[in-house]
Every structure is written in C-alpha cells, then in structure tokens.
Amino acid sequence: MKRRIREPVKSPVVWIGFILLFALVTPWYFPSGDFRPLLWGVPYWAVIVLGASLALSLFITWVVATQWQTGADDDEGES
Amino acid sequence: MNVELAFGGGSGILVLLLYGGLMLAVGLFAYLRNRGVRESLDEYYLGGRGLGVMVLFFTFFATQYSGNTVVGYPPTAYRLGYQYLVSVPFFIMIIMVYLLFAPRLYALGRRFSLLTPVDWIDLRFRSKKVTILAGILMLYGLGNYLLEQFVAIGQGVSGLTGGTIPYQVGVVFFIVIMVAYSWLGGMRSVAYTDTIQGIALLFGVFTLLLGSLYYFGDLSHAAEIMAETAPEKLGAPDSGGVTTWFCLLVLVGIGAAIYPHAFQRIFSARSERTLKRSFVRMAYMPFLTAGVVFMVGIIGIGAFPALSTGESEQLVGMLANALANQNAFFYWAMVLLFGGVIAAIVSTADSVLLTFSSIVSHDLYGRYVAPEASEYRKILVGKLVGVVAVIILVLIAWYPPGTIYQIFVLKFEVLIQTAPALILGLYWRRLNTQAVFVGMLAGTIVAALFTFTGFRPLGVFSGLWGLLLNLILCVGGTLWQSAAVSEQQKADEILAWQR
C-alpha cells in the first residue's frame, strides 16, 4: 500500500526558495554604510531585509502547508 | 547615573514567590491529571506524545528564547545598531532548518517510538560506541548549558530584588521549585509552565517597548542621533559585517535546531498536524520577540546616547527603572517583566534538565546498565542522576574552579558534532558507522582544542571548524568505503518509513 509522501527536503522548489530568500535576508547587496532614505526612522536596507524575512516566514508557511505530507499519523487512526 | 532600586526589593520578592507558587501548582495539576506519569517513559519524558498546538508551540518557544534574549539582545543592538537586525532572520532560520529533517524524524519517531536523540542514533547505527559517544557529548553539552542558566537565574534574582535576595538563595529557591514540578508532572509540567512563562515574557517585552516608545521617543528620534554621532550604526554592513551576519545565520540556524531538547520536542507532538501548526507559528515569533527587543535596543540609543560597553550591558535595567518611576502601571509591568525574564531562564533550564535525565534513563541506564528494569525505575534513576548533576553544577556555579573553567564553556561546540549522525543518518543509507564515530570524535577534539587555545583561523568559530572536519571524515570515509551491505539493508528497513 503506497501513500503519497511529500517531504520539503526532496522538493527542488523548496531548496531554490530557501537559497534565494537566504540570499535576500543577508545584506550583501547594499552599498556599505548607505542608509538613506529612512522610512519611519529605519534605514531602507533594513526595511528590505525585514521584508525578505517576512517573505521567508510566509514561504515556510507555504512549505509546511503543501510540501510536508508523510501520513505518519495514519497508523494511529488519526486524521 | 543612579539606576539602582527604583523598583524591586519587596515587590520583586513578592512576584518571585508568586511565580514559584504558580509553577508548583502547575506541577501538581499535571500530576493529578496524569497519575501514571511516573510509570512510563513516554508519559514522563514526552507528555504521552500528546502535546497540542499551543503547548507544543510554547515549549519550542522556551527552548529558543531565554531570559538572555530580553536582557542581552538590546545592549548588543545598542552597540551594533541595525547590523544586529540579523537577530530577526536568524530565529527564522531555525524553523527553516527544522523543515529539512523534522518531517522524516517525526514519522520515524512515531513508527519506532523514539524517545531521545540518542535513541535515534542507536536505532540507525546499532553501534554501542557511537551511541555512547553521542550520549556523553549531549550530556556534557546539556550540563554546561544548564550551568549557564543557573548562573543567570542567580544574577537575575539578585538584580530584581536589588540584592535583597542573595545570588545563592535565588539559585537554590528556583532550582528546588524547578526540580519539584518537573518530578511531579514530567514533560507536561515543563510544557505547561513553559506556556505560562512564555506569556509572561511576551507581556513584559511588549510593555517595555510601548513604554520606551512613549517616554523615550520613536525610531526616528534614535535615527537622528545615530546619523549625527554614529552613522555606522545605521549604515548597511561592510564585507566583514556581512560575513558575521552570514555566519550567525548558519550557526544559529543549525545549532538551535539540533539542541537535544529542541530535537526531542519533535517526538512529543500529538500529531503531524500539531507539529506543523506549531512550526508555522514559530516562523513569525522572531518579529514579535527578537524584533521587539531589537527595537528596544535602538530606542535606547536615543534615550541614553554614548554609554560605554559596560554601561550598555545595563540598558534594559536602565529603561525599566526609568519606566517604573513613571507610574504604578509601569512599575508593576516592569516587576512582571523581570519576573518573566527569570521565568524564561527557568523554563529553558527545566527543558534541558528533562532531556538530560531522559538520556540517562533511557539511553545509558536503560540500554546498557539495566535493560530489564521497570520504566518506573529507569525514570527514578534519570531523576536522581539529574539531581546529582544539578547539585554538582550549583557547586561549580558558586566556586568556579579557576584554571579548568574553560571545560564548562563548551556547549554548542560539542553538541553540534552530533549533527552529521543525526541528520545525514536520516537520508543516507550508505553512511558508514565507523566514519560517523571517527568524525564525531575528531570534530569534538578539534573544537575543544581550538576553544581552549583561543585559536580561530579566519575568525571562524571553533565549533564550525570541528564540524567541518567531522563532515569531511564522515562523508569522505563513507565515499571511500560505504557501509557493509547488511548494514545498508538494515538502514533500508528503517528508512523505508513510508512503507
């Protein structure tokens, strides 16, 4: 009896997404020392990094919802 | 600058006593609801594998965020400015790393009734020396982690009560309470108290943020001061800063996800769905916890510019004192905040102690010393060894033994050496047991030597050098000679978990 199994580690989309977002939350792509414009007193680059961090959290939510299906609880009769 | 005792003293003692009483009540509640808790390893150490979303979420929260997040992070943000914004994504990284191994680990945990991380290593490799080495490394790392928490409890209690309660009394009081509620209800007690402690901490940091915003000005005010006096705190990091940022993301991501107490929590989820929902919530907590304390540090730059490094360590105390002087609401909110900080340290310590005892009960005593013993007896041995370890650690915390003190510093450096066995073992059927053992041992020796001698080539952390060597030996050894066919067949049977 074969069930449909999904694991994040086996999905190329998950790896690509994680690598891209990892690159975006690391601020290597801004000129060193640059901080203007400020948005509500926060340097623009920090706002972008925070935005990328939120994107990473949202991506994690998507991965958990769609890429993780092991049926581990089926043996126990749980849903 | 007078920052002492604007609050604390009697009120601090009252709040600590209330916290202590509440924790004991929770332990008693957990015990009365599950009378059989001390008869079964699963019940005692994993809460009967029945933790629901909210409680599971808070136990993960307690393993990742301790009192240090609240007291130690704002001063760092104060000194580094926006370069320390890395503290938000590095907590998200932990969840990302979990997703690379937790789904399979949870499924295997259910199928083989795994209890501890060492249990998994034993199932996968069937090698006494690998199991014992991993067990010892974990006990050693956890012991030192516990020691650090005890020192922090003592300092926190002494600080909150303005020295009214001496360091030693604070440590003993909270350790007795912690051991009592852990003994009463096991994992359920720990998880329920983690929930209360987590809520207290969140309430405290949000009040601190709101009060700071109201009384000390917003981020724009802090930005004006930084632009004038220290523009490097606003600026994007240079190449050195980016390297540090990168290292922190990798180190914290992998390190915190494979801490034994964090790893073990995966087994205690009621269902896969529960585990998934807890992880999703955890993915957003960095904004509400690390992000909030980061903002507090930045506001501190506007409130108290030009503090020295030593003075900046007291930043949270200064802000809290200043707020406590404003009105009764903030006075009590700040007392609760500091109570919450201590509670958060206790909640990290109790998780570590429980995992420590579980490895003794199940993996060392139960596997090698007395496999026939009843589960009740195994739990009892784990508890007693845990208490003996606690007593030794408390003595060390009081009388630090000068020259050999460094051996108590190793934690993460040692724990991370078990990562290849734990994680590669999940996916690589050809993994050679001998190579795993040699890698783990060599990685530990290198990490320890580099730490003791202060040798840090390229500025990279000693634990990572150990891990690199560990991985080279583990992967290289396996590529050179795969596991024997019979071993691969056994691995296949285990890893064919989807059936």
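What volume does the largest cavity have? About 70 Å³, and we will come back to the residues around it after a few words on the ground rules.

This is a predicted model, in which local features need pLDDT of at least 70 and side-chain atom pairs count only at pLDDT 80 or more, while totals for chains, interfaces and linings use all residues. Residues are numbered from 1 along each chain as its sequence is written, chains are lettered from A and ligands numbered from 1 in the order in which they are written, and side-chain values use heavy atoms, leaving out hydrogens and water.

Let us begin with chain A. Its secondary structure consists of two helices and two strands, arranged α-β-β-α from the N terminus on. Helices (H or I, at least four residues) and strands (E, at least two) are DSSP runs, numbered from the N terminus. Chain A has 79 residues, and 44% of them count as buried; buried means under 20% relative accessible area, exposed over 50%, and partly exposed in between, with a 1.4 Å probe and protein chains only. The chain exposes about 4,300 Å², of which carbon and sulfur atoms supply 68%. Such areas come from the Shrake-Rupley method with a 1.4 Å probe, and for residues only the protein chains shown count as cover. A contact means heavy atoms within 4.5 Å. If you take the contacts in chain A between residues at least 6 apart in sequence, 62% join residues at least 24 apart.

Two spots in the backbone of chain A deserve a look. Most residues other than glycine have a negative phi, and most peptide bonds are trans. The bond from A:Arg36 to A:Pro37, however, is cis, with omega near 0 degrees. You will find A:Pro37 in the loop between H1 and strand S1 (38-39) of chain A. A little further on, A:Trp40 sits in the loop between S1 and strand S2 (42-43). A:Trp40 is not a glycine, yet has a positive phi of about 50 degrees. With a relative accessible area of 71%, A:Trp40 is exposed.

Chain B offers a counterpart in B:Arg49, whose phi is also positive, near 50 degrees. B:Arg49 belongs to the loop between helix H2 (41-46) and helix H3 (53-64) of chain B. Is B:Arg49 buried or exposed? Its relative accessible area is 10%, so B:Arg49 counts as buried.

Now for the empty spaces. Rolling a probe the size of a water molecule over the atoms shows where empty space is left. On a 1 Å grid over the protein atoms alone, a cavity is a set of points where a 1.4 Å probe fits but cannot get out, and a pocket is an open set with protein on both sides within 12 Å along at least five of seven lines; lining residues have an atom within 4 Å of a point. Grid points are joined across faces, edges and corners, and a volume is the space filled by probe spheres set on the points.

A search of the whole structure turns up three cavities of 30 Å³ or more. The lining of the largest cavity includes B:Tyr44, B:Trp183, B:Leu353 and B:Lys383. Helix H8 (167-216), helix H16 (328-369) and helix H17 (375-398) of chain B are the elements that give two or more residues to this lining. The second largest cavity holds about 50 Å³. H8(B) provides the largest share of its lining, five residues.

The second largest pocket has about 510 Å³ of space. It is lined by 17 residues, and the closest to its centre are A:Trp15, B:Val97, B:Leu100, B:Ile254 and B:Ile423. By class, the lining has 17 nonpolar, no polar and no charged residues. Here Ala, Val, Leu, Ile, Met, Phe, Trp, Tyr, Cys and Pro count as nonpolar, Asp, Glu, Lys and Arg as charged, and the others, Gly among them, as polar.

To finish, meet two more residues of chain B. B:Leu213 lies in helix H8 and is partly exposed, with a relative accessible area of 29%. B:Leu213 and B:Ile299 are 86 residues apart in sequence, but their C-alpha atoms are 7.3 Å apart in space. B:Thr444, in helix H20 of chain B, counts as buried at 13% relative accessibility. Leaving aside neighbours within four places in sequence, B:Thr444 is in contact with B:Leu137, B:Val414 and B:Gln417.
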